[in-house]
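Let's take a friendly walk through this model together. Have the structure open as you read, and turn it as each part comes up.

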Amino acid sequence: MKLLKQFIQQETVLTAAAVLAVVSAFFVPPDAQYLGYIDLRTLAILFSLMTVMAGLRRQGFFDGLGRALLSRTHSTFQLTLVLVGLCFFGSMFITNDVSLLTFVSFTFVVLSRLGADVRRSLLIPVVCMQTIAANLGSMLTPIGNPQNLYLYGKSGMSIGGFVLLMLPYTLVSLLLLLAWAALVCRKASAALSVDELVSSSASQGNQKIILLYLVLFAVCLLSVIRVLPYGIAFAAVLVCALFADPRTLRTVDYSLLLTFVAFFIFIGNLGRIPAFSGWLQEFLTGREVLVAVLASQVTSNVPAALLLSGFTAETQSLIIGTNLGGLGTLIASMASLISYRQIARELPQGKKQYFGLFTLSNLIFLAILLGVWFLLR
């Protein structure tokens with residue numbers, strides 16, 4: 001019983017998705033149509049990308065990249081720009097989750113080398129900025145977060161069309177982050193010693209394995225843009241990881257894959273219940289962006305995308321809505337919990353301050369970006 005309770009606490013979204021799938025099966029008994037619910041392309045590419053990113057992270061590739069950029073840092077403003085920029089631009093290619101897992105931990109190490117006063121004034125605002133930056137930077141590309149990958153595949157858009165759709169929101173987000181960084185660093189201005197920031201005893205990763213994962217990442221990208229069949233990317237990543245770096249396969253987020261499967265079953269079953277399907281389609285019509293934003297606040301944006309996509313053809317509106325919907329509450333984007341947990345572990349006395357700043361800044365960003373959407377629609 002204790003293990004079950006612990007599992008539910010750790011895998012709340014997966015548990016909820018599984019319960020919904022099981023309950024829906026009572027209304028639509030399992031049959032051959034269930035197989036048609038599962039989007040194998042999304043699952044295969046998602047597994048491939050998660051494996052590649054887990055491998056590169058284990059080899060210290062992203063940590064090394066961060067240290068290389070910090071070698072050119074000479075002030076708190078430049079330091080803040082690098083730390084936030086790593087999350088913003090990195091999340092476009094390595095996903096918001098991996099970006100925060102890697103660079104928030106890196107931030108704690110870097111800021112621990114600063115004076116106590118500077119560290120105290122920068123830590124919570126910088127980690128908060130990094131979290132927002134990762135969620136906003138990830139919205140520009142189909143591989144930035146799981147719901148983008150799914151909706152991109154469902155929409156049939158070109159990758160150029162996807163980027164152009166989200167580019168205005170990304171540019172406004174970047175300007176807002178720059179303004180926020182300048183404001184924070186006015187209160188914590190200081191010159192920095194490069195040697196203190198980049199000194200590290202971190203071990204170097206296996207260069208051959210890093211090169212292998214970079215090649216596999218290129219293969220995954222070719223699969224995303226539909227140049228290569230997704231099965232080839234999946235097979236290549238699985239075989240290479242099994243023989244060259246099997247430990248990485250243990251670190252893949254399989255719970256996310258199972259969450260997708262459970263939601264696919266739930267959504268497929270709902271679509272076969274005429275009364276509910278008709279009501280939700282009617283409710284969504286003309287309100288896709290706003291409903292996606294609101295749904296993300298209570299379910300997070302990945303489940304919101306999976307659920308709503310089954311009841312509207314306006315996939316582009318869902319792309320906008322679920323990406324903007326990653327702002328707001330702490331669970332609007334599950335990636336945000338990564339930063340909160342690290343703050344709670346490393347700076348427990350700062351949890352309330354972080355939560356307050358996070359919530360206020362998210363609501364401000366969300367209001368501004370919804371204003372941009374209102375002007376562009």
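Is helix H17 (residues 301–308) mostly covered or mostly uncovered, and how many of its 8 residues are buried? Keep in mind that you are looking at a predicted model. Helix H17 is mostly covered, with 7 of its 8 residues buried. Those buried residues are Asn-301, Val-302, Pro-303, Ala-304, Ala-305, Leu-306 and Leu-308. They pack against a set of other helices: H2 (12–27), H9 (146–155), H14 (254–271), H15 (274–284), H16 (288–299) and H18 (315–324).

**The whole chain**

Stepping back from H17, you will find 20 helices and 0 strands in the protein chain. Its radius of gyration is 21 Å, and this agrees with the value near 21 Å that a compact globule of 377 residues would have. Along the principal axes, the C-alpha trace spans about 65 × 50 × 50 Å.

Of the 377 residues, 51% are buried. Among contacts with a separation of 6 or more, 82% join residues that are 24 or more positions apart. The accessible surface comes to about 17400 Å², and carbon and sulfur atoms hold 68% of that surface. As for charge, the chain has 24 positive and 14 negative charges, and the mean positions of the two sets are 5 Å apart.

**A serine in helix H19**

Now move to Ser-336, which is placed in helix H19 (residues 336–346). Which residues does Ser-336 contact, leaving aside its neighbours within four places in sequence? They are Leu-100, Thr-131, Asn-135, Leu-330 and Phe-358. Ser-336 counts as buried because its relative accessibility is 0%.

**Two loop residues with positive phi**

Two residues in loops are worth a look for their backbone angles. Thr-95 is not a glycine, yet its phi is positive, at about 75°. You can find Thr-95 in the loop between helix H6 (76–94) and helix H7 (96–111). With a relative accessible area of 17%, Thr-95 is buried, since the cut-off for burial is under 20%.

Arg-226 also has a positive phi, about 70°, although it is not a glycine. This arginine sits in the loop between helix H12 (207–224) and helix H13 (230–244). Is Arg-226 buried or partly exposed? Its relative accessibility is 37%, so Arg-226 counts as partly exposed.

**Two cysteines**

How many disulfides does the structure hold? There are 0. A disulfide is a covalent bond between the sulfur atoms of two cysteines. For Cys-87, the closest cysteine sulfur is in Cys-128, and the 12 Å between them is too far for a bond. Seen from the other side, Cys-128 is in no disulfide either, and its nearest cysteine sulfur is that of Cys-87, 12 Å away. Cys-87 is buried, at 0% relative accessibility, and Cys-128 is buried at 0% as well.

**Accessibility at a glance**

The table gathers the single residues visited above.

| Residue | Relative accessibility | Class |
|---|---|---|
| Ser-336 | 0% | buried |
| Thr-95 | 17% | buried |
| Arg-226 | 37% | partly exposed |
| Cys-87 | 0% | buried |
| Cys-128 | 0% | buried |

To close the tour, you could return to helix H17, where 7 of the 8 residues are buried, and trace its packing against helices including H2 (12–27) and H18 (315–324).

Key
Residues are numbered from 1 along each chain as its sequence is written. This is a predicted model: local features need pLDDT of at least 70, side-chain atom pairs count only at pLDDT 80 or more; totals for chains, interfaces and linings use all residues. Side-chain values use heavy atoms; hydrogens and water are left out. Helices (H or I, at least four residues) and strands (E, at least two) are DSSP runs, numbered from the N terminus. The radius of gyration is taken over C-alpha atoms; the globule rule is 2.2 Å times the number of residues to the power 0.38. Buried means under 20% relative accessible area, exposed over 50%, partly exposed in between (1.4 Å probe, protein chains only). Contact means heavy atoms within 4.5 Å. Accessible areas come from the Shrake-Rupley method with a 1.4 Å probe; for residues, only the protein chains shown count as cover. Lys and Arg count as positive and Asp and Glu as negative; His and the chain ends are not counted. The place of a charge is taken as NZ of Lys, CZ of Arg, CG of Asp or CD of Glu. A disulfide is a pair of cysteine sulfur atoms within 2.5 Å.
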